[in-house]
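Visitor: Could you give me a close look at a single part of this model: the place where the two chains meet, and the helices packed around it? I'd like the cut-offs too, please.

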Amino acid sequence: MSDDAINDTVLEVLGRIAPEADLGTIDPGEPLREQLDLDSVDFLNFVIGLHERLGIDIPEADYGKLASIDGAVAYLVAARS
Amino acid sequence: MYEFRMPSLGADMEAGTLSRWLVAPGDRVERGDIVAVVETVKSDIEVEIFHGGVVEELLVREGREVPVGTPLARLRTEVAEPGEAAEPAPPEAGPPAPAPPLPRVPAPVRAPPATARVHASPVARKMAAALGVDLATVEGSGAGGAILKADVERAVQSPRKEKAARPERPERPAEVAAPASPPPAAERAAGMRRAIAAAMARSKREIPHYYLANTIDLSHALGWLERENLARPVTERLLPAALLLRASALALHEVPELNGFWQDDAFRPGPGVHLGVGISLRGGGLVAPALHDADRKSLAELMTALRDLVQRARAGRLRSSELTDATITVTNLGERGVETVFGIIYPPQVALVGFGTIVERPWAEGGMVGARPTVTATLAADHRASDGHRGALFLAALDRLLQEPEAL
């Protein structure tokens, strides 16, 4: 899976958690929780959605690395290889 | 014969718009099936039916707003008369509905043969209405072919030809078109504000609230949770909220007069422990759908149910029973950093449990002071139904249960 495809997957999963959000306006370098007003259940759904689509196990200790879109993509690209 | 009526989806609802029928005349439905989508000022609600039978006639067209209680459809019910053979299966065509196993989990609705169901996110729906796009002509790229906002945008940019050959539906009277468009976002937000205002004003007018608070040491609970999550796959991990909800549900067994309704000048115990979970909607406003039978769910089941509930609240896919069945509300404004929640009871419920942020505080125990994670739990309760002493017992039970997380 290419890096672009992982980026698309991250956006797709976000779109399910925050269907009302306009993902085009998100700053990929900034924390998602604040930008999308995610709560802890939303964030867990985000992590689980990524796990289910990409088959990558994400330990709880690594949740912080998924805070932004850029962070999540970098983490998932590294975890996949 | 059974008349399916516009349900009241909460104390603050007076009318609803029937946005979609998910059944057509001739369809057989079972108790608990989702038969229609009703749009309220709060969100789109999937409405379940409480009687099985065969749909005879739909009485209200899609797009119509009608008051609560208005008959929406007539069903032929199938109670066999004494001495009469059970009615044979109806002759109409269509896929045979497999007998569902009991207990019936609200099943995904099978696509009715006649009226094709258009699956779309609330945002896509609003946008389509605003732009005058017929959703039936839009190709969905979401899960299960659901139409997303981007699909509507694409449809606007590139008028499709391939689908233009769709047969018209001439039987649709033109008058349906106008009321079918959902209210614009601003109007909907105003409606939501009015609904919340009505319910909360009624609460403050009618309910003599009393308030109690207790700060609870969570070091055992969170320590246990951390160890537990290390061993759990990501799909089964728990959040502190699951522990708080589970402990609340169990504590209600000890003080049942907090779980139920004040109706006709008397307390009516709830038929189960259905925790209304406060979820703030990012478009504004809030909903508190029920987590059914929270006291009978394991932590893992509760967590799964909570994730599902939040996801569906976001997507505007809550079910009618979830909006009407809550026997008490639990709110977790702590997510937003507040320490203490002073709740307003949602009538006709008689109590609201609030949890603040989990914060480290200096904690004295056995003559020693240390830093511990703590949460302030509050209870707002209806003094007509219970007294402060009983409320205090509830908070004490909550504290005790949270000190033994492995037993939750």
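Guide: Here's the tour, starting with the ground rules and working outwards from the meeting place.

This is a predicted model, where local features need pLDDT of at least 70 and side-chain atom pairs count only at pLDDT 80 or more, while totals for chains, interfaces and linings use all residues. Residues are numbered from 1 along each chain as its sequence is written, and chains are lettered from A and ligands numbered from 1 in the order in which they are written.

Right, the meeting place. Chain A puts 18 residues into the contact and chain B puts in 19; two residues are in contact if their C-beta atoms, placed from the backbone, lie within 7 Å. On the chain A side, the elements that give two or more residues are α1 (3–17) and α3 (40–54). Of these, α3(A) brings the largest share, 8 residues. The helices (H or I, at least four residues) and strands (E, at least two) I'll mention are DSSP runs, numbered from the N terminus.

So let's sit on α3(A) for a moment. Its 15 residues reach 21 Å from the first C-alpha to the last, close to the 21 Å expected at 1.5 Å a residue (the expected span is 1.5 Å times one less than the number of residues). Val41(A), Asp42(A), Leu44(A), Asn45(A), Phe46(A) and Leu50(A) are the buried residues of α3(A). Buried is a neighbour count: 20 or more other C-beta atoms within 10 Å of the residue's own, with exposed at 12 or fewer and partly exposed in between, C-beta atoms being placed from the backbone. What covers those buried residues comes from both chains, including α1 and α4 (69–80) of chain A together with α6 and α7 (299–315) of chain B. Just after α3(A) comes Gly55(A), with a positive phi near 70 degrees.

Now step across to chain B and those two covering helices. The axes of α6(B) and α7(B) come within 9 Å and cross at roughly 110 degrees; axes here are lines fitted to C-alpha atoms, for helices over the stretch in contact, and angles run from 0 to 180 degrees between N-to-C directions. That angle is why α6(B) and α7(B) are roughly perpendicular to each other. For angles, under 35 degrees is roughly parallel, over 145 roughly antiparallel, 65 to 115 roughly perpendicular, and the rest oblique. α6(B) passes α7(B) in a right-handed crossing, where right-handed is the label if the near helix is turned clockwise from the far one by less than a right angle, and left-handed if anticlockwise. Ala241(B), Ala242(B), Leu243(B), Leu245(B) and Arg246(B) of α6(B) meet Leu299(B), Leu302(B), Met303(B) and Leu306(B) of α7(B) in that contact.

Helix α6(B) (residues 240–254) has another partner, α9(B) (residues 388–402): their axes come within 8 Å and cross at roughly 130 degrees. The pair α6(B) and α9(B) is therefore oblique, and this crossing is right-handed. On α6(B), the contact is made by Leu243(B), Ala247(B), Ser248(B), Leu250(B), Ala251(B) and Glu254(B), and on α9(B) by Leu393(B), Phe394(B), Ala397(B), Leu398(B), Leu401(B) and Leu402(B). Leu243(B) therefore turns up in the lists for α7(B) and for α9(B).

Zooming out a bit, chain B has 9 helices and 20 strands. Buried residues make up 38% of its 408 residues. Among the contacts in chain B with a separation of 6 or more, 64% come from residues 24 or more positions apart. One strand residue to look at is Thr378(B), in β20 (residues 368–382), which counts as buried because it has 21 C-beta neighbours inside 10 Å. Setting aside neighbours within four places in sequence, Thr378(B) is in contact with residues including Tyr211(B), Thr340(B) and Gly354(B).

Back on chain A, two stops away from α3(A). Ser2(A) lies in the segment before α1 and counts as exposed because it has 8 C-beta neighbours inside 10 Å. Glu30(A) lies in the loop between α1 and α2 (32–36) and is partly exposed, with 14 other C-beta atoms within 10 Å.
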